[in-house]
Every structure is written in structure tokens, then in C-alpha cells.
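Ready for some practice in reading a protein model? Work through the exercises below with the structure open beside you, and try each task before looking at its solution.

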Amino acid sequence: MSPSSSTPFSSVPSPLGYGHRHLLGIEGLTADEIGVLLDLSEGYVALSRSQSKKTALMRGLTVINLFFETSTRTRTSFELAGKRLGADVINMSVAWSAIKKGETLIDTAMTLNAMHPDVLVVRHPDSGAVKLLSEKVNCAVINAGDGSHEHPTQALLDALTIRRRRGSLAGLVVAICGDILHSRVARSNIHLLTALGAKVRAVAPPTLMPTEIESLGAEVFFDMRRALEGCDIVMMLRLQTERMHGSYVPSTREYFHFYGLDRDKLAAAKPDALIMHPGPMNRGVEIDSEVADDIDRSLIRAQVEMGVAVRMACLDILTRDLRRDNAQAGGG
Ligand code: NCD
């Protein structure tokens, strides 16, 4: 579908080909459903670049951002996305929530449910927690990252960034490098990239390579230079020390030597290979500043911009039925 046929700004929504109540992961979405979300996002890139960035599409609807883990770009971009669509957005973070006073995840969900939100955006340190929560509430739920399981909007924004630069994902070779073991970004990206016809290489030291990664469709590499040979995209990941119990790398210095992206290792990739990172970046640990800040090859800033557009598309698509019902009930 072309961006113009997706009519993202009309008040009475047309049905689009996305057949789910929630967005819990990329696993289980078809290539067509991913395409629908990406096409819809294109319209929101244009809107976000225009002078008047707001629509009234979600006026009267409430989005609650429920974050049990810290976040900068994901939470802010969901907040901005909701506000640009005209919704009321409330941010709840664990630091001041009742969870600190002993309330369980489900109690919190039920309390929030009683306030009639229309969309809950949830980040949680445990894999599967967001799905569990989605089974207890009446509204649409978006997974903003659950443990090391999935982070679907990150994979969608990565795909949109690549697609805008390269036209298509089909046939591209993408190396995902770093702490794959703890990375929900890696898992969601492997599902999405393989669904859209890209080839994925997973690169990590043996201690940070999960055993199931090959069954997801990625080719496993322990040698970074070999993995980068002929690559179109190099996607770097942070060492997620907050999820590590014990020692996974001898030292950050040695880690950088073998797995940090610098000009030297990048030379193995295609001459026009592009660099990505979901952030937050640890310069000098997994990536050298020289490559991270290379304006010709680094897509890191574009990824942040695409994040807002993709989240607007997700909020739009998950509230379409509701908005149509509301419009019909109001005679609109
Ligand atoms: C990622 C996350 O939280 O999973 N970051 C993000 O969403 N921008 C990756 C990370 O924290 O390293």
C-alpha cells in the first residue's frame, strides 16, 4: 500500500490489514501486517516534519505509559506520539508507583484498567509480563520492551529507517552485534528482518550468544570481522549489565578490542554499509565515536526520528475500531 492510500489523518478510520487487538511482539505478525504499519508510519514522518504536528485523531482517548524500567527515548517518543495524535497521555513510572509499596503487576493493571485507558504502553523487566497484563485489561496494549523477549516498536522503527534509506529490506545482509543474549531488540529485529526477506547474522562472544538464536533464523558468528564481510547494515547493541548476574566479558577494554565497532572492523563490510544502534550508546565499549557520529553512514539519529512516527502509527492502528465505533455512536 502506498503512504497516500493509508489516509492516516481522517477522523473516521478505514480498516487496515492489521488483525490484532494488541502489539505484543513481531513474532506472529505477517509481512503484510508489518508492511501496513510501516506504510502508515510514512505519513507520520511527513506530519512530524511539518510545522503543525498535531492531529485530533485520538481526541478524547487516553494513553497510559506504564514503565517498570527506566527509558528515555521509548517513553518520550510514545508520549510525543500520543500527544501529536491529540490523546491525553499519562506517564507512570515505577519510581513513584504503588508497585514500590508491594502491589503486584496484576493489581496495578486492574487499578489502571478501572480508569478506562484506551491504550496501555508497558515496559517491564520480565519476559512475558506484558502479555500477561494484556490478558487482564480491556484496552489495547503495546509492548514497549519485556525483559529480553521483544521490543516490537524498536524493530519497526529500525525497519522503517532501513527501508527509507535502501528502498527495501529484501536481500539485505544485516549484522546484529553485541549482547544478543539479553537483547529484546535483537529478537524483535530477527523476526522482522527475516519476515521481510533480509539475511541476519548474529555476532557475539560465546557467553552472550543465546542457544536458540539459530532457530530464529539468524546465522551465528563469533568473529566480528568475518561476520561483517559483505554486510549492508551493522546494528550495534549495548552490554546490558543490568541484566547480567556474574561476569560475561573479561573487561570492557578487551570487549571493545574484539567486538567494538571501529573504522578498522567496519572496513570488512560493504563500502556503503550503514550503522545503527537503538541507544543508549556506550561509546568506547561497543562503538567508537568516530563511526557513531559519521553523518554519511550512521543512521542513529534517523532511528530516533522514525521512533515517533512508528509509535504514532501503532497508536493509530490499535484505536481504529474504537474510533470507528465512537464515530458511529456519535453519528459521525
Ligand atoms: C533498548 C531497550 O530498552 O531494549 N533501548 C531502547 O529501547 N531505545 C536497548 C537497550 O536498552 O540497550
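**Exercise 1: Around the ligand**

Task: Find how far a polar side-chain atom of Thr-74 lies from an oxygen atom of the ligand.

Solution: Keep in mind that this is a predicted model. Start at the side chain of Thr-74: one of its polar atoms lies 3.0 Å from a ligand oxygen. Next, turn to Gln-240, where a polar side-chain atom is 3.2 Å from an oxygen atom of the ligand. Then look at Pro-278, which uses a backbone N or O atom, 3.1 Å from a nitrogen atom of the ligand. Finally, consider the surface: the ligand taken alone exposes 320 Å², and the protein buries 94% of that.

**Exercise 2: Placing Asp-223**

Task: Decide whether Asp-223 is buried, partly exposed or exposed.

Solution: First locate Asp-223 in the loop between strand E7 (219–221) and helix H7 (224–228). Its relative accessible area is 39%. Buried means under 20% and exposed means over 50%, so Asp-223 counts as partly exposed. To finish, check its side chain: a polar atom there lies 3.0 Å from the backbone nitrogen of Arg-225.

**Exercise 3: Inside the core**

Task: Work out how many residues the largest nonpolar core has, and which helix gives the largest share.

Solution: The largest nonpolar core has 95 residues. Helix H11 (residues 300–318) supplies its largest share, 11 residues. Now zoom in on Ile-176, among the residues with the most contacts inside this core. Beyond its neighbours within four places in sequence, Ile-176 touches residues including Ala-186, Leu-193, Val-203 and Met-235. A second, separate core has 15 residues, among them Leu-120 and Cys-139.

Definitions and conventions:
Residues are numbered from 1 along each chain as its sequence is written. This is a predicted model: local features need pLDDT of at least 70, side-chain atom pairs count only at pLDDT 80 or more; totals for chains, interfaces and linings use all residues. Side-chain values use heavy atoms; hydrogens and water are left out. A nonpolar core is a set of buried Ala, Val, Leu, Ile, Met, Phe, Trp, Tyr and Cys residues joined through side-chain atoms within 4.5 Å. Buried means under 20% relative accessible area, exposed over 50%, partly exposed in between (1.4 Å probe, protein chains only). Helices (H or I, at least four residues) and strands (E, at least two) are DSSP runs, numbered from the N terminus. Contact means heavy atoms within 4.5 Å. A polar contact is a pair of N or O atoms within 3.5 Å; within protein, one must be able to donate a hydrogen and the other to accept it, and residues adjacent in sequence count only if both atoms are side-chain atoms. Accessible areas come from the Shrake-Rupley method with a 1.4 Å probe; for residues, only the protein chains shown count as cover.
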